[in-house]
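Morning, everyone. Please have a look at the model on the screen, and I will walk you through it.

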Amino acid sequence: DEAEDESRLEFTLRDIEGEATVPVVYTGSVPDMFREGREIMVRGELANGVFTAERDSLVTKCPSKYSPADS
């Protein structure tokens with residue numbers, strides 16, 4: 001059943017470059033690596049102070065893959 005494979009999440013997203021936050025409502029598949037403190041990307045719309053994410057648009061970034069290369 002498709003409904004069993006999806007979750008509805010409500011969480012707060014913080015701007016990686018600052019202190020700004022926004023509440024997020026998301027429905028869809030959740031990556032295994034999704035957890036507090038992890039960088040994510042999500043598509044959607046901001047309305048009335050709440051970001052409503054597009055279904056299945058949540059992507060978790062792997063820190064090791066996106067860290068600057070050592071010189």
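I will go from the overall picture to the sheet, then the core, then one cysteine.

First, some ground rules. This is a predicted model, where local features need pLDDT of at least 70 and side-chain atom pairs count only at pLDDT 80 or more, while totals for chains, interfaces and linings use all residues. Residues are numbered from 1 along each chain as its sequence is written, and side-chain values use heavy atoms, with hydrogens and water left out.

How confident is the predictor? pLDDT is its confidence in each residue, from 0 to 100. The protein averages 84, and 79% of the residues score at least 70. Among the elements, strand 5 has the highest mean pLDDT, 97, and helix 1 the lowest, 57.

Now the overall picture. The protein has one helix and six strands. Here, helices (H or I, at least four residues) and strands (E, at least two) are DSSP runs, numbered from the N terminus. Along the sequence the pattern reads β-β-β-β-β-β-α. There are 71 residues, and 24% of them count as buried. Buried means under 20% relative accessible area, exposed over 50%, and partly exposed in between, with a 1.4 Å probe and protein chains only. Take the contacts with a separation of 6 or more: residues 24 or more positions apart account for 38% of them. Contact means heavy atoms within 4.5 Å.

On to the sheet. In what order do the strands of the open sheet run? The order is 1-2-5-4, four strands with mixed pairing. Strand 1 (7-14) and strand 4 are the edges, each pairing on one side only. Two strands pair if DSSP finds at least two bridges between them. Neighbouring strands are turned by 25° against each other on average, direction ignored. Those angles come from axes that are lines fitted to C-alpha atoms, for helices over the stretch in contact, and run from 0 to 180 degrees between N-to-C directions.

Let's stay with strand 5, residues 50-53. With strand 2 (residues 21-28), strand 5 pairs in the parallel sense over two bridges. Val24 stands opposite Phe51 there. With strand 4 (residues 44-47), strand 5 pairs in the antiparallel sense over four bridges. Gly44 stands opposite Ala53, and Ala47 opposite Val50. Two residues lie between strands 4 and 5 in their hairpin, where Asn48 takes a positive phi near 55°.

Which side chains of strand 5 are buried, and which are not? They alternate: Phe51 and Ala53 point to one face and are buried, whereas Val50 and Thr52 point to the other and are not.

Phe51 and Ala53 lead us to the core. The largest nonpolar core has nine residues, including Phe51, Ala53, Phe11 and Leu58. A nonpolar core is a set of buried Ala, Val, Leu, Ile, Met, Phe, Trp, Tyr and Cys residues joined through side-chain atoms within 4.5 Å. Strands 2 and 5 each supply at least two residues of this core. Strand 2 gives the most, with three. Leu58 has several partners: leaving out residues up to four places away in sequence, Leu58 touches Tyr26, Pro31, Phe34, Ile40, Met41 and Val42.

Last stop, the cysteine. Cys62 sits in the loop between strand 6 (59-60) and helix 1 (63-66). Why does Cys62 count as partly exposed? Because its relative accessibility is 27%. Met33 is 29 residues from Cys62 in sequence, and their C-alpha atoms are 7.9 Å apart in space.

How values were computed:
pLDDT = per-residue confidence, 0-100.
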